[in-house]
Amino acid sequence: MSENDGQRCGFVAVVGAPNAGKSTLVNALVGTKVSIVSPKVQTTRFRVLGICMTGDAQVILVDTPGIFQPRKRLERAMVAAAWNGAADAEHVCLVVDAQRGYDDDTRAIVEKLKEAGRQVVLVLNKIDLIRRDSLLELTARLHAEGLFSDVFMLSALKGDGIDDLMAHLGRAMVPGPWMFPEDQVSDLPQRLLAAEITREKAFLTLYQELPYSLHVESESWQERDDGSARIDQVIYVERDSQKAIVLGKGGRQIKAIGEAARTELEALLERRVHLFIHVKVREDWSEKRDAYSDIGLDYDA
C-alpha cells in the first residue's frame, strides 16, 4: 500500500478585481499570513502560493494580483501573472467585493473566464458591509452569467463562511500525492516574505502619500549564534522627493515602518529579528528588466 494512498491535491487560482479581498481570503484559508494586505490597490504584485490541509486533501491556493485595465509596464506584468495563475490551476475562485458590486473590472474578468470555458466558484466577500436584499440581488445578477458552479458568501476579514469554502475546495481535489510537506504554508522564500512585509508596512504607514512605485529587497540575511537573524533591506524609490516621503521628518516614517515590520517578522519567525532598512533612489526601477525577474514577473508581458 503506497504512503500516498488516500491523498488528494490540486491548485485553486484566486482571482478578482483589485481590493476584492483575495489576499485576506487566502490568509484566512491558510490560517496564517502568506500574502500581504493593505487598502491600497494592487498591493499583491506577483503570484503567491498558500498551502492548506483539510482532511486528506492539500489545497494549493494561487493568490494573484488584482485584474484591471493596465496602463504601465508593471501593471501589465501583474495582470499577466494573474491570468497565468488562473490558466495553470485546475480550479478558479472569483472573489467579488459585495459592497462594490458588479463593477467594470469584475465584468471584464467574467467575460474572459467565459471565453476560456472555465467553471468557476463565486466568492462574494465583505458580505457584512451590504444589506441582505442587495446581496441577493447581486448574487442573482452574477449567477445569471452561467459561469459559476457554486456560490459562497463570506467575510474573509471576520472569518465568517471560511470553513464552508475550505470544505468545498477540499472535496474538489483529485486523488494524487501532496505537492508540499504537510506543515508548509507557502512557497515564498523567507527573504522575499520579509521584503513583502516591509512593503506592506510602508503601504500602511504612508497610505495617502506613498509612491506607488516602491520596491523592497532583502539584500542580506545573517543567522546569529544566539538564534536571532539580522536582515538588511533596501526600499527603492524612483525620485529624491519620494525618498524624503519614505524617510519622513527626522527619519520618523522609516523608523515606524521598520518597527512594524520587525514586530511582525518576529511573530512569524518566532525569534528575535534585527532589521536594518535603507532607502535608495533607483530611477525608473519599474522599467528595469532585472527588477521583474527578482519577483517572478514577465518584463515583456
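Which residue's side chain meets that of Arg289 in a salt bridge? The partner is Asp300, at 3.1 Å from N to O. Colleagues, please bear in mind that we are looking at a predicted model.

This pair joins distant parts of the chain, with Arg289 in helix α9 and Asp300 in the segment after α9, 11 residues apart. Arg289 has 48% relative accessibility and counts as partly exposed. Asp300, at 52%, counts as exposed, because the exposed class begins over 50%.

I turn to the other salt bridges. The count for the model comes to 20. Arg47 pairs with Asp187, and their closest N and O atoms are 3.4 Å apart. Here the separation along the chain is 140 residues: Arg47 belongs to the loop between α1 (22-30) and β2 (48-54), while Asp187 belongs to the loop between β7 (174-175) and α6. Both ends are partly exposed, Arg47 with a relative accessible area of 36% and Asp187 with 26%.

Arg100 and Asp97 form another salt bridge, at 3.6 Å from N to O. In this case Arg100 is partly exposed at 37%, whereas Asp97 is buried at 7%. There is also a network of salt bridges that links Lys33, Glu200, Lys201 and Glu264.

Next, the aromatic rings. The count is 1 aromatic pair. Tyr292 and Tyr299 make up this pair in an edge-to-face arrangement, with 5.3 Å between centres and 90° between planes. Both tyrosines are buried. Tyr299 has a further partner, as the charged end of Arg73 sits over its ring, 4.0 Å from the centre. Elsewhere, Arg230 lies over the face of Phe276, 4.0 Å from the ring centre.

Finally, the nonpolar interior. The largest nonpolar core holds 36 residues, and Ile235, Val246 and Leu297 touch the most other members. Several elements supply at least two residues each, among them α2 (73-88), α6 (190-205), β9 (229-237) and α8 (252-269). Why does this core lie between domain 1 (8-175) and domain 2 (190-294)? Both domains give residues to the core, so it lies between them.

Ile235 merits a closer look. Setting aside neighbours within four places in sequence, its contacts include Thr198, Leu214, Val246, Ile254 and Ile277. His215, His278 and Lys280 are also among the contacts of Ile235. A second core, separate from the one just described, has 33 residues, including Ala86, Val96, Ala98 and Leu138.

Note on methods. Residues are numbered from 1 along each chain as its sequence is written. This is a predicted model: local features need pLDDT of at least 70, side-chain atom pairs count only at pLDDT 80 or more; totals for chains, interfaces and linings use all residues. Side-chain values use heavy atoms; hydrogens and water are left out. Rings of Phe, Tyr and Trp (its six-membered ring) pair if their centres lie within 6.5 Å; planes under 30 degrees apart count as stacked, over 60 as edge-to-face and the rest as tilted. Buried means under 20% relative accessible area, exposed over 50%, partly exposed in between (1.4 Å probe, protein chains only). A charge sits over a ring if NZ of Lys or CZ of Arg is within 6 Å of the ring centre and within 35 degrees of the ring normal. A nonpolar core is a set of buried Ala, Val, Leu, Ile, Met, Phe, Trp, Tyr and Cys residues joined through side-chain atoms within 4.5 Å. Helices (H or I, at least four residues) and strands (E, at least two) are DSSP runs, numbered from the N terminus. Domain bounds come from an automatic or database domain assignment. Contact means heavy atoms within 4.5 Å. A salt bridge is a side-chain nitrogen of Lys or Arg within 4 Å of a carboxyl oxygen of Asp or Glu.
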